[in-house]
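Visitor: I am new here and would love a guided tour. Could you show me around?

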Amino acid sequence: MRILGIDPGLAIVGYSILDVDNERYELVSSGSIRTNKERSDSARLLELTQDMETIIKSFSPDVASVEKLYFFKNQKTIIPVAQARGIIMMLLEKYGITVNEYTPMVVKQTMTGYGRATKDEVALAVSKFVDGKLPKLDDTIDSIALAITHARCSDERLTAV
């Protein structure tokens with residue numbers, strides 16, 4: 001199964017492509033889409049649309065695991081993040097990719113066994129699943145954690161690390 005993990009945002013979208021075969025995890029690709037802050041929101045959304053479409057076409061994921069908005073501390077960024085997430089969800093639907101949504105708490109619980117784990121604890125758990133050096137950007141690590149979470153949640157035999 002090929003999973004596209006997505007941590008949505010307008011400024012930065014973290015993404016990862018994870019191939020899962022039984023209990024073997026292979027990180028095929030990961031990175032971020034960074035939109036130009038000097039441009040209008042509509043131009044940034046178009047940029048995000050084009051880049052995300054390229055990723056989908058290049059990697060042909062079977063499913064997607066997307067962070068679900070549930071509560072947002074920063075009221076100034078909730079609308080742009082929701083707009084970016086809407087674009088992402090629309091593209092996944094357009095290409096017939098099944099979407100699975102997980103809150104940050106579910107991801108943390110699945111990855112570490114504790115729903116209020118820190119970013120560093122999640123990154124450490126991610127490193128136990130994928131070989132090689134992890135990306136430095138939190139958004140990209142979060143996208144990998146989202147993909148792993150889907151793989152683990154879709155296989156009820158597995159438990160948190």
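Visitor: Let us start with Ala147. In which helix does Ala147 lie?
Guide: Happy to begin there, with the reminder that this is a predicted model. Ala147 counts as buried, because its relative accessibility is 0%, under the 20% cut-off. The helix that holds Ala147 is α5.

Visitor: Which residues does Ala147 touch, not counting those up to four places away in sequence?
Guide: Let us look beyond the near neighbours in the chain. Ala147 and Ala64 are 83 residues apart in sequence, yet 7.5 Å apart in space from C-alpha to C-alpha. Leaving out residues up to four places away in sequence, the residues that Ala147 touches are Ile3, Gly5, Ser16, Leu18 and Ser65.

Visitor: Ser65 sits in strand β4. How many residues of β4 are buried?
Guide: Strand β4 spans residues 63–67 and is mostly covered. On one side Val63, Ser65 and Glu67 are buried, and on the other side Ala64 and Val66 are buried too. That makes the number of buried residues in β4 five of five.

Visitor: Which residue of β5 stands opposite Ala64?
Guide: Strand β4 has partners to look at. Four bridges join β1 to β4, and these strands run parallel; Leu4 has Ala64 as its bridge partner in β4. Strand β5, residues 98–102, also runs parallel to β4, and five bridges join the two. In β5, the residue opposite Ala64 is Val99.

Visitor: Now for the nonpolar residues. Which element gives the most to the largest nonpolar core?
Guide: In general, nonpolar side chains in soluble globular proteins tend to be buried together. The largest nonpolar core here has 23 residues, and Leu18, Tyr25, Met111, Val126, Val130 and Ile148 touch the most other members. Two or more residues come from each of β2, α3 (104–112), α4 and α5. With seven residues, the element that gives the most is α5.

Visitor: How many residues are in the second, separate core?
Guide: Before we get there, take Leu18 as a landmark: not counting residues up to four places away in sequence, its contacts include Ile3, Tyr25, Val130, Ala147 and Ile148. The second core is separate, and Leu4, Ile6, Val66 and Leu92 are among its members. Its number of residues is 21.

Visitor: How is the aromatic pair of Tyr25 and Phe129 arranged?
Guide: The count of aromatic pairs comes to one. Tyr25 lies in strand β3 (residues 24–34) and Phe129 in the loop between α4 (119–127) and α5 (138–153), so the pair ties together parts 104 residues apart in sequence. Tyr25 is buried at 10% relative accessibility, and Phe129 is buried at 13%. The ring centres are 5.0 Å apart with 80° between the planes, an arrangement that is edge-to-face.

Visitor: Let us turn to charges. Which residue forms a salt bridge with Asp19?
Guide: Side chains of opposite charge can pair when their charged atoms come close. The structure holds seven salt bridges. In the one formed by Asp19, the closest N and O atoms are 2.7 Å apart, and its partner is Arg2. The pair links distant parts of the chain, 17 residues apart: Asp19 in strand β2 (residues 12–21) and, in strand β1 (residues 2–7), Arg2.

Visitor: Is Glu47, which forms a salt bridge with Arg39, buried or exposed?
Guide: The closest N and O atoms of Arg39 and Glu47 are 3.5 Å apart. Arg39 counts as partly exposed, at 42% relative accessibility. Glu47 has 17% relative accessibility, which is under the 20% cut-off, so Glu47 counts as buried.

Visitor: Which residues are joined into one network by salt bridges that share partners?
Guide: One of the salt bridges is between Arg24 and Asp21, with the closest N and O atoms 4.0 Å apart. Arg24 is partly exposed at 47% relative accessibility, and Asp21 is partly exposed at 46%. Through shared partners, the residues joined into one network are Asp21, Arg24 and Glu26.

Visitor: One last stop: over which residues is the pLDDT below 50?
Guide: The protein chain averages a pLDDT of 92, and 93% of the residues score at least 70. One stretch falls below 50, with 16 contacts in the model beyond near neighbours in sequence. That stretch is residues 157–161.

Technical notes: Residues numbered from 1 in each chain as written. Heavy atoms only, no water. pLDDT = per-residue confidence, 0-100. Contact = heavy atoms within 4.5 Å. Salt bridge = Lys/Arg side-chain N within 4 Å of Asp/Glu carboxyl O. Buried < 20%, exposed > 50% of the residue type's maximum accessible area, 1.4 Å probe, protein only. Phe/Tyr/Trp six-rings, centres within 6.5 Å; stacked < 30°, edge-to-face > 60°. Core = buried A, V, L, I, M, F, W, Y, C linked by side-chain atoms within 4.5 Å. Pairing = 2+ DSSP bridges.
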